[in-house]
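Visitor: Could you walk me through this structure, one question at a time?

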Amino acid sequence: MLNNIGLPGLLLIAVVVLVLFGRGKISSLMGEVGKGITAFKRGVDDSKKELDEGMAEARDVTPENEKDKV
């Protein structure tokens, strides 16, 4: 269904959206989307750092008599 839209259809949709919502509303909406993406990326980076720190603090709890049985 979406394969048949093409460039003229997309341009028509963009113009209709621009007329309905106005330039100011669309730019503020895109600004909020950008802030959300930035916050998501920051959260992913923070969780990676926490996992790396947790792995650095991990210690081997294998009993001494079991370590030689690799």
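Visitor: Which residues form the nonpolar patch on the surface?
Guide: This is a predicted model, where local features need pLDDT of at least 70, side-chain atom pairs count only at pLDDT 80 or more, and totals for chains, interfaces and linings use all residues. Residues are numbered from 1 along each chain as its sequence is written, and side-chain values use heavy atoms, without hydrogens and water. A patch takes residues with over 30% relative accessible area and no salt bridge, joining nonpolar side chains (Val, Leu, Ile, Met, Phe, Trp, Tyr) within 5 Å and like charges within 9 Å. With about 750 Å² of accessible area together (Shrake-Rupley method, 1.4 Å probe, only the protein chains shown counting as cover for residues), the members here are Ile5, Leu10, Leu12, Ile13, Val16, Val17, Leu20 and Phe21.

Visitor: Is Phe21 buried or exposed?
Guide: Phe21 lies in helix α1; helices (H or I, at least four residues) are DSSP runs, numbered from the N terminus. Buried means under 20% relative accessible area, exposed over 50%, and partly exposed in between (1.4 Å probe, protein chains only). Because its relative accessibility is 52%, Phe21 is exposed.

Visitor: And how far apart are the end C-alpha atoms of α1?
Guide: The expected span of a helix is 1.5 Å times one less than its number of residues. For the 16 residues of α1 that gives 22 Å, which agrees with the distance in the model, 23 Å.

Visitor: Which residue forms a salt bridge with Lys35?
Guide: A salt bridge needs a side-chain nitrogen of Lys or Arg within 4 Å of a carboxyl oxygen of Asp or Glu, and the count comes to one. Its two residues are about one helical turn apart, because they sit three residues from each other in helix α2 (residues 23–57). With the closest N and O atoms 3.8 Å apart, the partner of Lys35 is Glu32.

Visitor: Which residues form the negative surface patch?
Guide: Asp and Glu count as negative, Lys and Arg as positive, while His and the chain ends are not counted. Each charge is placed at NZ of Lys, CZ of Arg, CG of Asp or CD of Glu. The patch consists of Asp45, Asp46, Glu50, Asp52, Glu53 and Glu57.
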